[in-house]
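Subject: Structure handover

Hello,

Here is the structure I promised to pass on. Please open it alongside this email.

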Amino acid sequence: MLFITVLLLLAFGVLLKGFATVDNFLTLLRSISILGILALGMALIVISRGIDLSEVAIMAGAWAVGLIQMQQGMPVFWAALLALSIALAIGAVNGFMVAFVEAPALFVTLAAGFVIYGLAFWFAPAWVVYAPKDAPWLMFLGAARVLGVPLPIFVFAAMALIMHLFLSRTSIGRFIYAQGDNPESARYAGIALRPLIILEHVIVAFCAWIAGLVWIGTTGSIQMAVTQGTMIFDVILVVVLGGVSLVGGRGGVFSVIVGCALIGTLLNAFTIMDVNSEVQNIIKGVVLLAAIILDNWLHPRDEETARQGD
């Protein structure tokens with residue numbers, strides 16, 4: 001995928017006017033920063049052989065409540081802390097349902113996404129909830145620049161570094177890989193899978209909160225419509241394209257970076273070529289299906305790795 005991304009960058013740089021410019025590359029990187037932060041959380045949960053379809057809803061719902069509280073007079077710090085608390089609580093509930101109730105993560109998080117959207121929209125009945133104009137630090141991560149480079153790029157880089165160190169340099173990170181490779185063996189080895197599953201969903205929720213903070217700084221608002229769109233599938237597309245196997249136990253942060261680079265390159269080129277959103281969705285759907293088929297071919301489930309205790 002990295003090789004394909006480099007080829008696309010070279011091809012679009014030669015064929016598309018305005019693609020191979022510093023400003024366009026900064027725009028490209030900034031556009032994938034939020035997607036990349038969300039993909040880091042999704043990659044962690046997929047490595048553990050799970051999934052979380054509520055991540056985008058957590059981002060939008062938690063921050064919609066927080067912004068409404070700011071508009072009603074709550075101090076910005078406490079409203080942001082409230083949004084964080086809501087996000088982490090949802091992640092913990094998702095993890096509890098998967099770990100202790102033993103409901104499939106796919107259906108738990110799919111249902112959670114609908115519940116979050118309904119409750120958030122009931123509490124904040126607006127498609128767009130705007131941030132207060134008197135809170136400059138709230139906009140800092142999304143709007144500021146460092147040496148001319150948009151700060152969201154640095155936020156994504158910092159989150160990627162932290163996630164890499166967490167997965168590769170900590171015992172919990174190795175436990176997550178062991179869980180994804182073979183949950184039953186991990187349990188026999190003494191790994192406490194139930195608390196680990198809850199922690200994984202809480203980390204996903206935290207990534208969603210950070211992505212929402214960057215989103216607000218970039219746009220000055222949070223859009224509830226994203227919970228009903230294709231953004232969650234874009235996140236999954238990035239993860240799978242980068243090489244994080246749906247079988248579990250394989251992939252890492254570099255996989256997310258490669259997936260983001262490929263999708264960002266395609267979307268940027270589509271924008272320059274003025275390709276309409278319907279055609280873009282068709283292309284993304286075909287690419288995702290092809291990636292899943294390729295993943296199943298490269299990483300077939302054998303009798304041991306397929307045993308998940310379902």
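Below is what turned up, taken region by region.

One caution before the rest: this is a predicted model.

The nonpolar surface patch

Start at the N terminus. A nonpolar patch of about 1,100 Å² sits on the surface. Its members are Met 1, Leu 2, Phe 3, Ile 4, Val 6, Leu 7, Leu 10, Phe 254, Ile 257, Leu 294 and Trp 297. Three helices each supply at least two of these residues: helix 1 (2-15), helix 12 (253-273) and helix 13 (277-298). Helix 1 is the main contributor, giving 6 residues. Take Phe 3 as one example from the patch. Phe 3 belongs to helix 1. Its relative accessibility is 62%, so Phe 3 counts as exposed, the cut-off being over 50%.

The second largest pocket

Next, look at the second largest pocket. The space in this pocket comes to about 380 Å³. It is lined by 20 residues, and those closest to its centre are Ser 31, Ile 32, Leu 35, Trp 215 and Met 231. Four elements give two or more residues to the lining: helix 2 (22-47), helix 10 (193-219), helix 11 (231-242) and helix 12. Helix 2 gives the most, with 6 residues. What is the make-up of the lining by class? The lining has 9 nonpolar, 9 polar and 2 charged residues. Note that helix 12 appears here and also in the nonpolar patch.

The salt bridge

How many salt bridges does the count give? The count comes to 1. The bridge joins the side chains of Arg 194 and Glu 102, at 3.2 Å from N to O. Arg 194 is in helix 10, while Glu 102 is in the loop between helix 4 and helix 5, so the pair ties together parts that are 92 residues apart in sequence. Helix 10 also gives two or more residues to the pocket lining above.

Are the two partners buried or exposed? Arg 194 is partly exposed, at 35% relative accessible area. Glu 102 is exposed, at 54%.

Two positive phi angles

Most residues other than glycine have a negative phi. Two residues here are worth a look on that count. Glu 102, the salt-bridge partner of Arg 194, has a positive phi of about 65° and is not a glycine. Its loop runs between helix 4 (76-99) and helix 5 (105-123).

The other is Arg 49, with a positive phi of about 70°, again not a glycine. Arg 49 sits in the loop between helix 2 and helix 3 (55-71). Is Arg 49 buried or exposed? At 12% relative accessibility, Arg 49 counts as buried, because the cut-off is under 20%. Glu 102, by contrast, is exposed at 54%.

One more loop residue

Last, Gln 228. This residue lies in the loop between strand 4 (221-223) and helix 11. Gln 228 has 44% relative accessibility and so counts as partly exposed. How far apart are the C-alpha atoms of Gln 228 and Ala 124? They are separated by 16 Å, and the two residues are 104 residues apart along the chain. Helix 11, at one end of that loop, is also among the elements that line the second largest pocket.

Best wishes

Key: Residues are numbered from 1 along each chain as its sequence is written. This is a predicted model: local features need pLDDT of at least 70, side-chain atom pairs count only at pLDDT 80 or more; totals for chains, interfaces and linings use all residues. Side-chain values use heavy atoms; hydrogens and water are left out. Patches are made of residues with over 30% relative accessible area and no salt bridge: like charges are joined within 9 Å, nonpolar side chains (Val, Leu, Ile, Met, Phe, Trp, Tyr) within 5 Å. Accessible areas come from the Shrake-Rupley method with a 1.4 Å probe; for residues, only the protein chains shown count as cover. A salt bridge is a side-chain nitrogen of Lys or Arg within 4 Å of a carboxyl oxygen of Asp or Glu. Buried means under 20% relative accessible area, exposed over 50%, partly exposed in between (1.4 Å probe, protein chains only). On a 1 Å grid over the protein atoms alone, a cavity is a set of points where a 1.4 Å probe fits but cannot get out, and a pocket is an open set with protein on both sides within 12 Å along at least five of seven lines; lining residues have an atom within 4 Å of a point. Grid points are joined across faces, edges and corners, and a volume is the space filled by probe spheres set on the points. Ala, Val, Leu, Ile, Met, Phe, Trp, Tyr, Cys and Pro count as nonpolar, Asp, Glu, Lys and Arg as charged, and the others, Gly among them, as polar.
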